[in-house]
Amino acid sequence: MHIGVVAKRDTPRAVELAGRIRRRVDATVTLDELTAEALGTEGRSVGALAACDLVVSIGGDGTFLFAAREVSPTPIMGVNLGEVGFLNAVSPGDCVGSVRSAVDRLRGGEATFQELPQIQAAGDGWELPAAVNEVAILGPQRGRNNGIGFEVRVDGERYAGGRGDGVLVSTPAGSTAYNLSEGGPLVHPDVSAFVVTEMCPVEPMPSLAVPTVAEITVRVESAASAVVVADGRSRERVDLPSTVSLRPAETPVRIAGPRLEFFTALGKLE
């Protein structure tokens, strides 16, 4: 049994917990390179941890997203260090016991995982890595006269169009992040839907939840420039006019350990 551990960068508490898992879990444990360096041992790149049976992410949702991009579809367990932590169901005090339980279930062939859909953006000759939270299609910067002219279609039918700062398409997991800040709805992680939200449009339409199997396209026709961004990190600058297609990624994020405590995490937003 091989366990990978990715700890939040420059966070002593995360490094300490990684060391605790390494010492106390009866399995081969490999740390990411920076964490391993802090503990005086050898590590591997985060991408190399995809070969493990389980990856443990220690930090907040940002650390989880980083790990998921690199290792999916390898199952991931999120340990929350105190942030809102919608993707991290394990407390620091329970991390060793939770990892031990997951290892026992994996060894016994009894492991089950909560699966969250990812969304993928593609265009003419390019494709971004899958996004756990959202894909945003944006102008050069936000604000008056800096947005994009766009048209959104769902299964070929026009839903919205006009001008605005951009268009956001989020997963259920991402509904609590960028989508919420743009006035989009909360979506329970068990609901199989993507949410389309216009960003500061001139003529607004309400956010729209569509089945994950629907074909979503965003046509960008008038702007100084436009960029497509996945989870705030991976980006592609597109020539205009351009059509961005959004679809479910081939592999979901597989979450090991306790089920996500959606309503408990919502309480931390207050």
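## Strand β6 and its partners

Buried here means under 20% relative accessible area. By that cut-off, strand β6 (residues 119-123) is mostly covered in this predicted model, with 4 of its 5 residues buried.

So who does β6 pair with? One partner is strand β17 (residues 242-248), which runs antiparallel to β6 and is joined to it by 4 bridges. Within that pairing, Q120 has R247 of β17 as its bridge partner. The other pairing to look at is with strand β7 (residues 126-127), again antiparallel, this time through 2 bridges. Here G123 sits opposite W126 of β7. The β6 and β7 strands make a hairpin with 2 residues between them, and G125 in that turn has a positive phi of about 85 degrees.

## Two nonpolar cores

In soluble globular proteins, nonpolar side chains tend to be buried together. The largest nonpolar core in this model has 28 residues, and the members touching the most other members are V135, I137, V169, V218, V228 and L246. Strand β9 (residues 148-154) supplies the largest share of this core, with 4 residues. There is also a second, separate core of 23 residues, with V29, A36, L54 and V56 among them.

V228 is a good place to zoom in. Leaving out residues up to four places away in sequence, V228 touches A121, W126, L128, V135, A136, I137, S234, R235, E236, V238 and V244. That list includes W126, the residue facing G123 across the hairpin, and V135 and I137, which are themselves among the members of the core with the most such contacts.

## Two domains and how they meet

The domain assignment splits the protein chain into domain 1 (2-116 + 252-267) and domain 2 (119-248). Their C-alpha centres lie 30 Å apart, and the contact takes 13 residues from domain 1 and 13 residues from domain 2.

How much area is buried between domain 1 and domain 2? The figure is about 1100 Å², and carbon and sulfur atoms give 71% of it. On the domain 1 side, L65, R69 and F262 lose the most area to domain 2, together accounting for 48% of what that side buries.

## The annotated site

One residue comes with a label from a record: an unreviewed UniProt entry places the feature "active site" at D61. In the model, D61 is found in helix α3 (residues 61-71).

Methods. Residues are numbered from 1 along each chain as its sequence is written. This is a predicted model: local features need pLDDT of at least 70, side-chain atom pairs count only at pLDDT 80 or more; totals for chains, interfaces and linings use all residues. Side-chain values use heavy atoms; hydrogens and water are left out. A nonpolar core is a set of buried Ala, Val, Leu, Ile, Met, Phe, Trp, Tyr and Cys residues joined through side-chain atoms within 4.5 Å. Buried means under 20% relative accessible area, exposed over 50%, partly exposed in between (1.4 Å probe, protein chains only). Contact means heavy atoms within 4.5 Å. UniProt positions are given in the numbering used here, feature names are shortened, and annotations may be inferred rather than shown by experiment. Two strands pair if DSSP finds at least two bridges between them. Domain bounds come from an automatic or database domain assignment. Buried area is the accessible area (1.4 Å probe) that two parts lose on being put together, summed over both.
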